[in-house]
Amino acid sequence: MHKILKRDSRFIDQEGDLLKSEVIDKAWKSDRKLIELLLEDEKVKAKFFAEIKGHWVFNIHTFIDYIQDKNFLNDSYTKYKNKVGLNIAGKFLKEREEVALVWPFKDCILEGGMTREDEKRKEIFFNEILAQDEIDRLLDPKVLTNWKRYTSNGIKEIKNLKRDEQGTIRENLIIKGNNLLTLHSLKTQFQGKIKLIYIDPPYNTGNDSFGYNDNFNHSTWLTFMKNRLEVARELLRDDGVIFVQCDDNEQAYLKVLMDEVFCRENFIEVITVVNNPRGRDYGGIANMHELICVYSKSINYQLYRIVDENKKFPYYDKISGFEIRELRNRNIKFNLNNRPNLFYQFYLNPDNQDKNGFFEISLDYKEGWNEIYPVKSQGIQTVWRWGKDKSKSNLNVNICGKKTKNKSYQIVEKYREKSRMARSVWWDKEVNSERGTLHLKKIFGEKIFAHPKPEETLKRIIEISTKENDIILDFFVGSGTTCAVAHKMKRQYIGIEQMDYVENITVERLKKVIGRKIKKEGSLFAEIEYDRSGISKAVNWQGGGDFVYCELKKYNEEFIEQIQEAKTTAELLKTWEEMKDKSFLNWNVDIKRQDEAMEEFKELAIAKQKKVLVMLLNKNQIYVNLSEIDDEDFQVNEEDKKMNREFYNF
Ligand SMILES: C[S@@+](CC[C@H](N)C(=O)[O-])C[C@H]1O[C@@H](n2cnc3c(N)ncnc32)[C@H](O)[C@@H]1O
């Protein structure tokens with residue numbers, strides 16, 4: 001029908017799209033040209049015309065209903081929604097239950113902040129959208145293999161995993177595998193335990209980066225992200241936060257998606273990172289920034305402030321000693337009745353003042369000492385922020401007396417963290433993307449990726465959202481910036497990456513962070529030689545610590561990799577023979593028919609051949625499911641069995 005109507009130039013706009021309203025208008029007017037056009041096609045004629053005594057009568061209402069049906073012609077809004085992927089095949093993104101599995105092509109690396117130049121090296125993706133009924137064991141926990149512990153003393157055999165009293169695994173983990181499936185495996189152990197998730201996913205920069213047209217591209221990217229963000233949310237602690245870095249290509253869409261997954265109320269901010277102050281000029285408006293969408297799991301999130309390097313300094317609160325500003329802001333009215341334990345007197349020794357002007361204080365009365373109560377502020381009676389016990393243990397260490405301007409005394413915090421607020425635009429040289437590139441070059445002696453994130457950006461994110469020992473997750477870990485910074489800042493971390501370079505780049509980088517024990521000639525004790533670059537100086541990093549490496553145990557994935565690596569049709573045919581014998585094929589694959597169609601298969605371009613073969617494989621068996629750990633077909637060795645028992649705690 002589209003084709004027929006488009007033959008009439010009155011019905012097409014400048015972009016060649018059908019003008020629905022014009023067609024309807026002309027139909028109402030029984031426009032002669034339109035009717036002639038419709039009568040030319042036998043099927044159309046049969047559908048919209050009735051024969052009465054040899055005359056053909058136009059059924060205007062049926063025709064107009066047909067044209068107006070949403071499935072016939074997308075108006076620009078529907079088209080827009082389809083394009084952004086919020087509505088795909090008539091279903092809103094949140095209703096869609098498919099899963100997008102994406103395998104980047106081996107030779108191509110998805111780098112953070114890819115530039116247009118990089119795009120010329122086309123990234124080929126295998127991606128497959130699985131419908132809900134095709135998914136049965138896909139998201140089941142997987143068997144983990146190839147366990148190693150990396151320490152300053154080299155690789156150590158690993159027998160068990162440290163856990164705390166709550167049973168939480170207390171190990172830094174680097175896991176190789178598809179992140180969606182790894183996240184689902186992690187869920188068994190880390191649900192509700194992650195304080196910070198930072199990700200820097202593929203930016204979906206090129207029209208082709210997912211191998212399809214732009215429309216599919218967007219929706220695939222969104223489905224891909226949605227699948228991962230949903231499970232990520234479950235991993236977050238109630239006071240957890242997520243930072244997702246992206247650029248303008250997907251930011252607006254990502255924001256809508258994140259509103260959906262994390263809820264609008266939990267939106268914190270979109271941070272603009274001016275990572276390229278000179279800007280990349282392609283003849284339009286030079287782009288100088290990337291964006292980070294920040295959401296909390298729930299509104300009770302806690303973001304700390306960025307703390308300056310010279311953390312502690314004598315601090316004197318000018319308003320009133322321990323004003324409970326936080327409580328007042330939340331409109332909680334307190335008085336002596338509801339907080340009596342916080343209204344008590346201190347005693348101050350007016351004769352003992354140190355060089356910073358602080359006076360000695362005590363909770364016990366002493367001869368000649370002054371009595372001090374919390375101050376009234378703006379007509380409201382304040383109370384102390386700490387109870388007696390806490391005050392006692394902090395007496396003269398963190399709290400002490402101070403003379404006020406009007407010559408009376410009050411209790412103040414002696415030291416307070418000097419802080420500046422985290423703001424929404426980061427434009428200083430620390431976040432310049434070149435920094436990340438140069439840093440990796442320094443570590444490895446050659447340029448590794450185009451734009452890994454600078455350690456300083458991660459330091460800032462980690463500072464404002466976590467404390468020591470909190471758990472941080474990055475499931476697009478790339479060169480491992482998040483993990484390296486988390487390690488140096490004494491946070492626990494989990495990094496996930498599917499590419500082989502996780503072993504020779506990510507792990508190698510972290511090995512350098514930990515450092516290695518060396519004994520120099522003439523010295524008595526061994527010392528640790530560690531990575532001194534990046535944020536090392538700022539956080540006084542001295543090396544040490546360890547991390548655990550493991551991989552999802554592959555099954556059909558072995559075939560996917562063989563297919564990806566094949567250079568010729570002959571190689572692919574060989575793989576197909578092996579697949580028939582050893583792989584798990586989709587339930588509906590008929591090997592006989594497939595073999596019969598081989599001549600046609602050979603006619604296809606090699607990229608298509610690869611795609612077809614990958615499609616035949618059952619994705620529920622890409623990796624070995626934990627439930628099959630004892631099945632001999634999967635050849636899980638005894639050490640792996642033991643470590644999986646350790647990890648999954650059974
Ligand atoms: C933009 S890079 C991250 C760079 C990182 N922030 C850094 O500083 O090095 C994205 C990474 O995600 C990985 N990745 C993409 N899709 C993935 C998937 N489905 N599972 C696991 N890793 C994936 C890519 O291989 C790539 O290394």
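The exercises below, each with a worked solution, concern a predicted model.

**Exercise 1. State how many helices and strands the chain has, and what share of its residues is buried.**

Solution. Begin with the secondary structure: the chain holds 22 helices and 28 strands. Then take burial, where 35% of the 650 residues qualify as buried. Sequence separation of contacts can be added here. Among contacts between residues at least 6 apart in sequence, 70% join residues at least 24 apart.

**Exercise 2. Classify the packing of H18 against H21 and list the residues that meet.**

Solution. Step one is the geometry. Helix H18 (residues 569–582) and helix H21 (residues 606–616) have axes 10 Å apart, at an angle of about 10°. Step two is the classification: angles under 35 degrees count as roughly parallel, and H18 and H21 are therefore roughly parallel to each other. Step three is the contact itself. On the H18 side it involves Thr569, Leu572, Thr575 and Trp576, which meet Ile606, Gln609, Lys610 and Leu613 of H21. Sorted by class, the contact of H18 with H21 has four nonpolar, three polar and one charged residues.

**Exercise 3. Repeat the analysis for H17 and H21.**

Solution. The axes of helix H17 (residues 556–565) and H21 come within 10 Å, and they cross at roughly 175°. That makes H17 roughly antiparallel to H21, given that angles over 145 degrees fall in this class. From H17, the contact draws on Ile560, Ile563 and Gln564; from H21, on Lys610, Leu613 and Val614. The classes in the contact of H17 with H21 are four nonpolar, one polar and one charged residues. Set beside the previous solution, Lys610 and Leu613 of H21 appear in the contact with H18 and in the contact with H17.

**Exercise 4. Find which residues touch the most other members of the largest nonpolar core, and which helix gives the most to this core.**

Solution. The largest nonpolar core has 83 residues, of which Ile174, Ile197, Val244 and Leu510 touch the most other members. By element, helix H9 (residues 214–235) gives the most, with seven residues. For one of the central residues, the neighbours can be listed: leaving out residues up to four places away in sequence, Ile197 touches Ala232, Leu236, Ile242 and Leu473. As background, nonpolar side chains tend to be buried together in soluble globular proteins.

**Exercise 5. Give the strand order of the open sheet of eleven strands and identify its edge strands.**

Solution. The order is E8-E7-E28-E9-E25-E24-E10-E11-E13-E12-E23, and the pairing is mixed. The edges are strand E8 (154–156) and strand E23 (425–426), each of which pairs on one side only. At the E8 end, three bridges join E7 to E8, and these strands run antiparallel; Tyr150 has Ile155 in E8 as its bridge partner. A helix can then be placed against the sheet strands. Helix H10 (residues 251–262) lies across strand E11 (236–246), strand E12 (267–273) and strand E13 (290–296), running at about 5° to E13.

**Exercise 6. For the hairpins E1–E2 and E20–E21, determine which residue has a positive phi.**

Solution. Strand E1 (residues 49–52) and strand E2 (residues 55–58) run antiparallel, joined by four bridges. One of these links Glu51 with Trp56 in E2. Two residues lie between the strands, and Lys53 takes a positive phi near 45°. Next, strand E20 (residues 399–403) and strand E21 (residues 409–413) pair in the antiparallel sense over five bridges, with Gln410 in E21 as the partner of Lys402. This hairpin has five residues between its strands, and Lys407 in the turn has a positive phi of about 70°.

**Exercise 7. Decide whether Asn146 and Lys490, both with a positive phi, are buried, exposed or partly exposed.**

Solution. For orientation, most residues other than glycine have a negative phi. Asn146 has a phi near 55° and is found in strand E7 (residues 144–151). With 14 other C-beta atoms within 10 Å, Asn146 is partly exposed. Lys490 has a positive phi of about 60° and lies in the loop between helix H15 (481–488) and strand E25 (492–497). Its count is 15 other C-beta atoms within 10 Å, so Lys490 is partly exposed. In H15 itself, just before Lys490, eight of eight residues are buried, among them Cys483, Val485 and His487.

Note on methods:
Residues numbered from 1 in each chain as written. Predicted model: local features only at pLDDT ≥ 70, side-chain atom pairs only at ≥ 80, totals over all residues. Axes fitted to C-alpha atoms, helices over the stretch in contact; angles between N-to-C directions. Parallel < 35°, antiparallel > 145°, perpendicular 65-115°, else oblique. Contact = placed C-beta atoms within 7 Å. Nonpolar A, V, L, I, M, F, W, Y, C, P; charged D, E, K, R; others polar. Buried ≥ 20, exposed ≤ 12 C-beta atoms within 10 Å, placed from the backbone. Core = buried A, V, L, I, M, F, W, Y, C linked by C-beta atoms within 7 Å. Pairing = 2+ DSSP bridges.
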